[in-house]
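Welcome! Please take a look at the sequence and the 3D structure below, and keep both at hand for the exercises.

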Amino acid sequence: MIESIAATSLLGYTPVLGPCLRNVSGKQFPRVGVIKAQAMELAKEPNRYTERERFPDSLEDLKPASWPPKNKADNPSLHNPLARQERMGCGWLGAIFEWEGVLIEDNPDFEKQAWLALAEEEGKYPPPPAFVLKRIQGMKNEQAISEVLCWSRDPSQLKRMASRKEEIHQALQGGVYRFRDGSHEFVNVLTRHKIPVALVSTRPRKNLEEAIVAIGIEGVFNVVVTADDVYRGKPDPEMFVYAAQLLQFIPERCIVFGNSNLTIEAAHDAKMKCVAVASKHPVYELTAADLVVRQLDELSVVDLKNLADIELTEFGSTPELEMEVEEEDDQLPPPSAAIDDGFW
């Protein structure tokens, strides 16, 4: 019986031949010390660090492969060292503005009424409820019709219904646009400091350009991105990423100005900072943003530079969190204690 146990135990390991003992029946079996040594060998940690990994010879062994980390804001193709230094400073940044609710006054009821009127024209009953209308805020019309409302997936029908919805919204708007308090002054400040400015909106380009002319700020924006330029709207960050590419800025140096949590989510997904304007939501609902203001003129260029300098994410590395390391030697028993001598 003892010989059978010795031959089949220890996961099928064959006992090492050596000095043996005899039982009363005259059969031989290996010494207990040999089997105990095999058990202790199996109990060892399989992935133990080598001595060089645990105790490096010098500080050179602790450095990563590329040190110091590369700054994404740097452009080695620039032969002017001052220009390269300016790019790596916190003053090298771009501003991306949303249109409605940030620069101009917005009436969210017009958007809801436009969708309800379109549903009635298309014979879609029952009409979309309030929580669905809230969900499609910030989306492209085609995206909302096909993915959320599920009215159609035919491209021609999507384009027709999206165009008709914008016509209804324009009729409700009446072609009247008015700056929000402090927004025009803040845009002028950015222009004086030569900070590039982009405008993004899910409205068609034709409607947006007419609104820009009507309000008298044509030529202010370096880049204008509309629904005609992208495939998806918020919360997808495609609009903001495309605007940053046109401005020729890395996303980490772009600051998005919006007024909803969808904007905050899209900006952070694009690795951009976000300033939330509490125009249609209270301040406490926008705390996920990097900065929350009620009016844009509460900000200064210094605030934007400080915001662009936070965490230095353009280096491609995030700050390491300091964690309390517990001493394992005081908590874990020695390897020899893991084997019960009484069992053998």
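What follows is three exercises, each with a worked solution. This is a predicted model, in which local features need pLDDT of at least 70, side-chain atom pairs count only at pLDDT 80 or more, and totals for chains, interfaces and linings use all residues. Residues are numbered from 1 along each chain as its sequence is written, and side-chain values use heavy atoms, with hydrogens and water left out.

**Exercise 1. Find which residues have the most contacts inside the largest nonpolar core.**

Step 1. Start with the term: a nonpolar core is a set of buried Ala, Val, Leu, Ile, Met, Phe, Trp, Tyr and Cys residues joined through side-chain atoms within 4.5 Å. Buried means under 20% relative accessible area, exposed over 50%, and partly exposed in between (1.4 Å probe, protein chains only).

Step 2. The largest such core has 32 residues, and Phe97, Trp99, Leu103, Phe257 and Leu296 have the most contacts inside it. Among the elements giving two or more residues to this core are strands E3 (94-98) and E6 (254-258). Helices (H or I, at least four residues) and strands (E, at least two) are DSSP runs, numbered from the N terminus.

Step 3. Val223, Phe240, Ala267 and Leu286 are included in a second, separate core of 27 residues.

**Exercise 2. Work out where the buried residues of helix H8 lie around its axis.**

Step 1. List them: Leu158, Met161, Ala162, Lys165, Glu166, Ile168, His169 and Gln173.

Step 2. Look down the axis of H8: the buried residues fall within an arc of 160°, so they line one face of the helix. The arc is that of the directions from the helix axis to the C-beta atoms.

Step 3. Turn to the face away from the buried side, where you will find the exposed residues Lys159 and Ala171.

Step 4. Just after H8 comes Gly174, with a positive phi near 75°.

**Exercise 3. Place strand E6 among its partners: which strands run parallel to E6?**

Step 1. Two strands pair if DSSP finds at least two bridges between them. E3 and E6 are parallel and share four bridges, with Ile96 opposite Val256.

Step 2. E7 also runs parallel to E6, joined by four bridges, and here Phe257 faces Val275.

Step 3. Check the faces of E6: Cys254, Val256 and Gly258 are buried on one side, and Ile255 and Phe257 on the other.
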